[in-house]
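Subject: Structure for you to look over, with notes

Dear colleague,

I am passing on the structure that we discussed, and below it you will find my notes on what turned up when I went through it. Please read them with the structure open beside you.

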Amino acid sequence: MPKPSGVITFNQIPGLVQEYNTAFNTRPIAPQSVVSQICWVRNGVRAEETIFPVSFWGNPSQKRSRYEQRKHTPPEVVNFSCPIDENGPDGESIPKGTMVTDLYGIFQSKLPMIASAAMLEPEYRLAEFLANGNDSVKGVQAYDGLPFFHTAKRANPNRVLASNNTFANYNGSLKLDRAGINTVFQALDTVPGPDGRLFRLPGRKVIVVSSEDQYDRASRELFGTIVSQQTGSAVAGVSNTLTGRADLIYFPDLSQFDSGKSWMAFKISSGEFRPMIFSQVAPPEIYVEGPAPNEDSRVTRQLILMGYNHFYGFGYGWPQLAYKAIEP
């Protein structure tokens, strides 16, 4: 039986007796940005891919005779790169005729949620990028054509060096404990540069972990003032010599990769000398089409469309400044 004109129908009846609170749509986000802490962040990038030519000095110094004819070699250069892609989810459409936008406030309340999701997206992609760093298929190739994390990285891909021709910045079975941390720190401190000698870049070390358990164990090692030490059959408390030697970041997005067992260490030398590169055209852009009566989606289908786009990408920088380990 048809309803008489003027009778409230559809979903407006509950609206008379119920309160609709959209506060849960305003999603809080963690202020910590892992991207900004370990990546060289580049804003306003316009190219689909940026190439970074890096001069390599591969000729080590040696004792000379004052009469010898000194040999000279061609300049050595390697390329770092960082591509940019368009990233964004499927959008949502709201039929204008249903009046849901007025009753529930979905249009206004969803904007903060979309903005939060857009800001968090690069964090997840960084975790994915780090996880794929030891995979030559999924990961972007580093300057030597090998996976970024590898057991035999080339110190200088232009030549075979007399010593320290390769180095390791990956260990597939290394526990996160005092011995493991010291192993990784030693690797970062003694990694060779293009001439086979120590890279010797200064910087602050950062350990990144995947789980609360790893965070707990790393916190005890890095921030505890007293640690236990076995002396014969007795256990004594001694001063913790690792205190203050590195920062610690809990990166929960990493738990979705490498079975939640990976942990990493990075050396941050300057704004540009970092292990990863993050390039973006601009911060994420939210689009809304349809509020105005003469917009295409409104005229043709009576729809309001909303979503976001973000043009950004990750690239590999110096492998000498990074080390990845996976716990057994």
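In what follows, two residues are said to touch, or to be in contact, when heavy atoms of theirs lie within 4.5 Å. Please keep in mind throughout that this is a predicted model.

With contact taken in that sense, methionine 276 is a useful place to begin: leaving aside residues up to four places away in sequence, methionine 276 touches Ile38, Cys39, Trp40, Phe129, Leu130, Phe148, Phe149, Phe266, Gly315, Tyr316 and Gly317. Met276 is also one of the residues with the most contacts inside the largest nonpolar core, a set of 29 residues in which Leu126, Leu130, Phe149 and Phe266 are likewise listed for their contacts. The elements that give two or more residues to this core are α2 (34-38), α4 (106-131), β9 (204-209), β13 (262-268), β14 (276-280), β16 (303-316) and β17, and of these α4 gives the most, with five residues. A second, separate core has 17 residues, including Ile181, Leu242, Trp263 and Ala265. As background, nonpolar side chains in soluble globular proteins tend to be buried together.

Two residues may help you to find your way around. Valine 34 is found in helix α2, and it counts as buried because its relative accessibility is 1%, where the cut-off for buried is under 20%. Not counting residues up to four places away in sequence, valine 34 touches Glu123, Leu126, Ile249 and Phe251; in addition, its C-alpha atom is separated by 9.0 Å from that of valine 208, although the two are 174 residues apart along the chain.

Tryptophan 40, which lies in strand β1 (residues 39-42), is classed as partly exposed because its relative accessible area is 21%, and that class runs between 20% and 50%. With residues up to four places away in sequence again left out, tryptophan 40 touches Phe52, Gly271, Glu272, Arg274, Met276, Ile277 and Phe278. The C-alpha atoms of tryptophan 40 and phenylalanine 278 are separated by 5.9 Å, with their positions 238 residues apart along the chain.

Turning to empty space, the largest pocket has a volume of about 410 Å³, and among the 16 residues that line it, Trp57, Asn59, Lys71, His72 and Thr73 are the closest to its centre. The lining of this pocket is made up of five nonpolar, six polar and five charged residues. The count of cavities of 30 Å³ or more comes to one, and the largest cavity has a volume of about 40 Å³. Its lining consists of Phe167, Ala168, Asn169, Ala187, Leu188, Val191, Pro319, Gln320, Ala322 and Tyr323, with α5 (178-189) and β17 (322-326) as the elements that give two or more residues. By class, eight of the residues lining the cavity are nonpolar and two are polar, while none is charged.

Finally, some overall figures. The protein has seven helices and 17 strands, and buried residues make up 40% of its 328 residues. Among contacts with a separation of 6 or more, 74% are between residues 24 or more positions apart. The mean pLDDT is 83, and 80% of the residues reach 70 or more; over residues 1-22, however, the pLDDT is below 50, and this stretch has 16 contacts in the model beyond near neighbours in sequence.

With best wishes

Note on methods:
Residues are numbered from 1 along each chain as its sequence is written. Side-chain values use heavy atoms; hydrogens and water are left out. On a 1 Å grid over the protein atoms alone, a cavity is a set of points where a 1.4 Å probe fits but cannot get out, and a pocket is an open set with protein on both sides within 12 Å along at least five of seven lines; lining residues have an atom within 4 Å of a point. Grid points are joined across faces, edges and corners, and a volume is the space filled by probe spheres set on the points. Ala, Val, Leu, Ile, Met, Phe, Trp, Tyr, Cys and Pro count as nonpolar, Asp, Glu, Lys and Arg as charged, and the others, Gly among them, as polar. Helices (H or I, at least four residues) and strands (E, at least two) are DSSP runs, numbered from the N terminus. A nonpolar core is a set of buried Ala, Val, Leu, Ile, Met, Phe, Trp, Tyr and Cys residues joined through side-chain atoms within 4.5 Å. Buried means under 20% relative accessible area, exposed over 50%, partly exposed in between (1.4 Å probe, protein chains only). pLDDT is the predictor's confidence in each residue, from 0 to 100.
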